[in-house]
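Hello,

Here is the structure I promised to pass on to you. Have a look through it first, and then read on for what turned up.

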Amino acid sequence: MNTDYKGFRLYDDWLRLKRKGGSIDIFFEKNGYRRIAVYGLGLIGKQLVEELEGSDIKVVFGIDIKGEEIDVAGLDVLKPEQIIDDGRETDAVVVTAMMSFYEIERNLIEIGYNKDIISIEDVIWSCK
(Lines give C-alpha, C1' and ligand atoms only; values in the text may rest on other atoms or scores of the structure.)
Protein backbone atom coordinates (compact mmCIF):
# COMPACT_ATOMS: atom_id res chain seq x y z
CA MET A 1 0.00 0.00 0.00
CA ASN A 2 1.52 3.33 -0.98
CA THR A 3 1.97 6.28 1.35
CA ASP A 4 -0.64 8.49 -0.34
CA TYR A 5 -3.33 5.83 -0.08
CA LYS A 6 -2.54 5.06 3.56
CA GLY A 7 -2.65 8.74 4.43
CA PHE A 8 -5.91 9.25 2.55
CA ARG A 9 -7.47 6.23 4.26
CA LEU A 10 -6.31 7.43 7.67
CA TYR A 11 -7.79 10.91 7.12
CA ASP A 12 -11.01 9.36 5.83
CA ASP A 13 -11.39 7.17 8.92
CA TRP A 14 -10.47 10.09 11.21
CA LEU A 15 -13.10 12.31 9.57
CA ARG A 16 -15.75 9.57 9.78
CA LEU A 17 -14.94 9.16 13.48
CA LYS A 18 -15.41 12.90 14.08
CA ARG A 19 -18.68 13.01 12.11
CA LYS A 20 -20.05 10.23 14.32
CA GLY A 21 -19.19 12.32 17.39
CA GLY A 22 -16.13 10.25 18.30
CA SER A 23 -12.79 11.55 19.45
CA ILE A 24 -9.30 10.11 19.52
CA ASP A 25 -8.63 11.36 23.04
CA ILE A 26 -10.74 8.39 24.19
CA PHE A 27 -7.94 6.07 22.99
CA PHE A 28 -5.41 7.87 25.17
CA GLU A 29 -7.68 8.03 28.21
CA LYS A 30 -8.59 4.35 27.92
CA ASN A 31 -4.93 3.37 27.81
CA GLY A 32 -3.81 5.72 30.60
CA TYR A 33 -1.81 8.02 28.33
CA ARG A 34 -2.10 11.54 29.72
CA ARG A 35 1.25 12.98 28.54
CA ILE A 36 2.43 12.12 25.05
CA ALA A 37 5.04 13.14 22.50
CA VAL A 38 4.21 13.30 18.80
CA TYR A 39 6.88 11.96 16.45
CA GLY A 40 6.68 13.45 12.97
CA LEU A 41 5.25 16.93 12.57
CA GLY A 42 4.10 16.87 8.99
CA LEU A 43 0.42 17.18 8.11
CA ILE A 44 -0.76 14.27 10.23
CA GLY A 45 1.36 15.18 13.24
CA LYS A 46 0.16 18.77 13.21
CA GLN A 47 -3.45 17.59 12.95
CA LEU A 48 -2.92 15.30 15.94
CA VAL A 49 -1.49 18.15 18.02
CA GLU A 50 -4.43 20.39 17.09
CA GLU A 51 -6.96 17.61 17.74
CA LEU A 52 -5.71 17.15 21.28
CA GLU A 53 -5.70 20.86 22.17
CA GLY A 54 -8.29 21.51 24.82
CA SER A 55 -8.49 17.84 25.82
CA ASP A 56 -7.12 16.20 28.95
CA ILE A 57 -4.25 14.78 26.88
CA LYS A 58 -1.11 16.93 26.97
CA VAL A 59 1.30 16.90 24.06
CA VAL A 60 4.51 17.46 26.02
CA PHE A 61 6.75 17.97 23.00
CA GLY A 62 7.15 17.07 19.34
CA ILE A 63 9.88 14.90 17.87
CA ASP A 64 11.18 15.34 14.35
CA ILE A 65 14.52 14.71 12.66
CA LYS A 66 14.50 18.40 11.67
CA GLY A 67 14.23 19.40 15.34
CA GLU A 68 13.76 23.09 16.03
CA GLU A 69 13.47 23.85 12.31
CA ILE A 70 9.86 22.67 12.61
CA ASP A 71 7.47 25.34 13.86
CA VAL A 72 4.34 24.17 15.60
CA ALA A 73 2.79 26.95 17.66
CA GLY A 74 3.55 26.56 21.34
CA LEU A 75 5.27 23.19 21.01
CA ASP A 76 8.93 22.44 21.62
CA VAL A 77 10.29 20.17 18.89
CA LEU A 78 13.25 17.92 19.66
CA LYS A 79 15.40 15.66 17.57
CA PRO A 80 15.01 11.98 18.51
CA GLU A 81 18.38 11.80 20.29
CA GLN A 82 17.41 14.77 22.50
CA ILE A 83 14.35 13.18 24.11
CA ILE A 84 16.20 10.97 26.60
CA ASP A 85 18.07 13.85 28.24
CA ASP A 86 15.16 16.29 28.04
CA GLY A 87 13.70 15.36 31.42
CA ARG A 88 10.04 15.83 30.53
CA GLU A 89 8.10 12.66 31.25
CA THR A 90 5.77 11.12 28.70
CA ASP A 91 3.52 8.08 28.85
CA ALA A 92 3.95 7.30 25.16
CA VAL A 93 5.18 8.49 21.77
CA VAL A 94 2.70 8.55 18.89
CA VAL A 95 4.44 8.07 15.55
CA THR A 96 2.67 9.81 12.67
CA ALA A 97 5.20 8.83 9.98
CA MET A 98 3.24 5.74 8.99
CA MET A 99 5.62 4.23 6.45
CA SER A 100 8.59 4.52 8.82
CA PHE A 101 6.95 3.30 12.02
CA TYR A 102 9.08 0.21 12.61
CA GLU A 103 12.33 2.00 11.83
CA ILE A 104 11.40 4.86 14.18
CA GLU A 105 10.29 2.43 16.88
CA ARG A 106 13.61 0.57 16.65
CA ASN A 107 15.54 3.86 16.78
CA LEU A 108 13.66 5.08 19.86
CA ILE A 109 14.30 1.80 21.66
CA GLU A 110 18.00 1.90 20.70
CA ILE A 111 18.42 5.39 22.18
CA GLY A 112 16.79 4.27 25.42
CA TYR A 113 13.14 5.33 25.21
CA ASN A 114 11.33 2.78 27.38
CA LYS A 115 7.68 3.86 27.24
CA ASP A 116 5.00 2.82 24.75
CA ILE A 117 5.49 3.66 21.08
CA ILE A 118 2.21 3.82 19.17
CA SER A 119 1.34 4.25 15.51
CA ILE A 120 -1.21 6.92 14.60
CA GLU A 121 -2.94 4.20 12.61
CA ASP A 122 -3.51 2.19 15.78
CA VAL A 123 -4.94 5.27 17.49
CA ILE A 124 -7.41 6.11 14.71
CA TRP A 125 -8.40 2.59 13.77
CA SER A 126 -8.99 1.48 17.34
CA CYS A 127 -11.51 4.32 17.75
CA LYS A 128 -13.67 3.65 14.68
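A polar contact is a pair of N or O atoms within 3.5 Å; within protein, one of the two must be able to donate a hydrogen and the other to accept it. Please keep in mind as you read that this is a predicted model.

With that term in hand, let me begin with a lysine. Lys6 lies in helix H1, and its side chain makes a polar contact of 3.2 Å with the side chain of Glu121. Is Lys6 buried or exposed? Buried means under 20% relative accessible area, and Lys6, at 14%, counts as buried.

Now to the sheet. It is open and has five strands in the order S3-S2-S1-S4-S5, paired in parallel. Strand S3 (77-78) and strand S5 (116-119) are the edge strands, each pairing on one side only.

Strand S1 (residues 35-39) runs parallel to strand S2 (residues 58-63), and five bridges join the two. If you want to find this pairing in the viewer, Arg35 has Lys58 as its bridge partner in S2, and Val38 stands opposite Gly62. S1 also runs parallel to S4, joined to it by four bridges, with Tyr39 standing opposite Val95. How enclosed is S1 by the rest of the structure? Largely so, because four of its five residues are buried.

S4 pairs with S5 as well, again in the parallel sense and over four bridges; there, Val94 has Ile118 as its bridge partner. Both faces of S4 are covered. Ala92 and Val94 are buried on one side, and Val93 and Val95 are buried on the other.

Next, the helices that lie on this sheet. Helix H5 (residues 101-110) lies across S1, strand S4 (92-95) and S5, and runs at about 170° to S5. Helix H6 (residues 120-127) packs on the sheet too, touching S4 and S5, and its direction makes about 65° with that of S5.

Which residues of H5 are buried? They are Phe101, Ile104 and Leu108. These three are on the same side of H5, because they cover an arc of only 70° around the axis. The spacing fits a general rule: an α-helix has 3.6 residues a turn, so residues three or four places apart point the same way. The cover over the buried residues of H5 includes S1, helix H4 (83-86), S4 and S5. On the other side of H5, Tyr102, Glu103, Ile109 and Glu110 are exposed. Just after H5 comes Gly112, with a positive phi of about 110°.

Helix H3 (residues 43-52) can be read in a similar way. Its buried residues are Ile44, Gly45, Leu48, Val49, Glu51 and Leu52. They cover an arc of only 165° around the axis, which puts them on the same side of H3. H3 is followed by Gly54, whose phi is positive, near 80°.

Then there is the nonpolar interior. The largest nonpolar core has 28 residues, and the members that touch the most others are Ile24, Phe28, Ile36 and Ile120. Helix H1 (3-19), helix H2 (25-30), S1, H3, S4 and H6 each supply at least two residues of this core. What does Ile24 touch, leaving aside residues up to four places away in sequence? Its contacts are Trp14, Leu17, Leu48, Glu51, Leu52, Val123, Ile124 and Cys127. A second, separate core has 14 residues, including Ala37, Ile83, Leu108 and Tyr113.

One last place to visit is Met99, in the loop between S4 and H5. Met99 counts as partly exposed, at 45% relative accessibility. Its C-alpha atom is separated by 26 Å from that of Glu89, with the two residues ten apart along the chain.

If you would like a route through the viewer, you could start at the contact between Lys6 and Glu121, go on to the five strands of the sheet, and then turn to H5, which lies across three of them: S1, S4 and S5. From there, Leu108 leads you into the second core.

Enjoy exploring, and do write back with any questions.

Best wishes

Terms used
Residues are numbered from 1 along each chain as its sequence is written. Side-chain values use heavy atoms; hydrogens and water are left out. Buried means under 20% relative accessible area, exposed over 50%, partly exposed in between (1.4 Å probe, protein chains only). The arc is that of the directions from the helix axis to the C-beta atoms. Two strands pair if DSSP finds at least two bridges between them. Contact means heavy atoms within 4.5 Å. Axes are lines fitted to C-alpha atoms, for helices over the stretch in contact, and angles run from 0 to 180 degrees between N-to-C directions. A nonpolar core is a set of buried Ala, Val, Leu, Ile, Met, Phe, Trp, Tyr and Cys residues joined through side-chain atoms within 4.5 Å.
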